[in-house]
Amino acid sequence: MKIEGKSYKTIWFEDNLVKIIDQTKLPHKFVIKDLKNVKDAINAIKTMEVRGAPLIGATAAYGLVLSVIEKNDLSFLKKSSEELIASRPTAINLKWAVDRMMKKLNGINEKDIFKIALDEAKAIKEEDEGFCKNIGLNGLKIIEEISNKKKDTVNILTHCNAGWLATIDWGTATSPIYHAHQKGIKVHVWVDETRPRNQGANLTSYELNEEGISNTVITDNAGGILMQRGQVDMCIVGTDRTLSNGDVCNKIGTYLKALSAKDNNVPFYVALPSSTIDWSIKDHKHIPIEERNSEELSHIEGIDENNEIKKVRIYPQESKSLNLAFDVTPAKLVTGLITEKGVCEASEKGLKGLFK
Ligand code: MRU
């Protein structure tokens, strides 16, 4: 998608370096950063210079390419893969991408390993782009149906950033929105600000603005009243890990939106590529929920009148805080899963029908 009219992907390989858009600086500054070695890749994932389930998977894959460039040695590669998997615990795409790379590289000789690693990382990247495009085409039909019935602007609520910045291109939750907009369907997006890191306000609103899509940032608690007032036609969110029974783990606060949607008969859709499905865990209580630094809660960042990014404390130093980054929305609250293969019920039967 575009930034200032120019098309970008979120990650690419150039001159033996991995290039990323530093998302900690957006929307105030557009900075392309070089990842020079596997440590840089691990750090970019931990500090959320790159974030969003599919993008951290792709970054981990490229991180292994950097590991091979740094030291063409199997024990170093294994150590890199373990450190990459541990860099963020909740999004399953990270482990999925690392396992896929390691399977491909297993038993490959030193001479060929770099090319094979690079080809596989590129394949993961290109596959995600294709998946997200198809998620968009499948979700478009749902938006089209609402638009045909309503004969007016379709109001869509989304949480966090499951936009193109969270993937390689298109996004998951935003892909149907981009496709609808490109087809001339009138859409407006309610963007949950998504405290504490404000991925909605900082990233989703920014990328929608760059594509000329009407959007309004709301506080995380405003969705309920908007749904009661009939101002939300549907919700579309992303996910970091969806279980085979259809339970959806996503950014903290998603569950409360789904409850509110259920109470107000607002359809609640989750958009995901198959790389986000966890077929192994059967009970959501076993999903590792990331707990991040409490400073993300106690401090807030913005830009001052001199165009400088500043961080300020917003509550007493002695106050305790708990910063859980994700929650789980039970399948019964989910209207449907929008995947690259089609839309299905949030259940084992639904998912197995699409993914044999
Ligand atoms: O903590 P983040 O910003 O990585 O969380 C991102 C989300 O919760 C997204 O909804 C999810 O990764 C899906 S991205 C297509």
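Hi everyone, let's start with a definition: the domain bounds I'll use come from an automatic or database domain assignment. For this protein, that assignment gives domain 1 (2–127) and domain 2 (137–354). Their C-alpha centres lie 24 Å apart.

Before going on, please remember that this is a predicted model, where local features need pLDDT of at least 70 and side-chain atom pairs count only at pLDDT 80 or more, while totals for chains, interfaces and linings use all residues. Residues are numbered from 1 along each chain as its sequence is written, and side-chain values use heavy atoms, with hydrogens and water left out.

So, how many residues does the contact take from each domain? Counting contact as heavy atoms within 4.5 Å, there are 33 residues from domain 1 and 37 residues from domain 2.

Next, the buried area, meaning the accessible area (1.4 Å probe) that two parts lose on being put together, summed over both. Between domain 1 and domain 2 this is about 3000 Å², and carbon and sulfur atoms give 56% of that. On the domain 1 side, Arg 51, Thr 90 and Ile 92 supply 21% of the area buried against domain 2, more than any other three residues.

Now the charges. A salt bridge here is a side-chain nitrogen of Lys or Arg within 4 Å of a carboxyl oxygen of Asp or Glu. The count between domain 1 and domain 2 is two salt bridges. You can also find Lys 9 and Asp 169 in your viewer: their side chains meet in a salt bridge, at 2.8 Å from N to O.

Thanks for listening!
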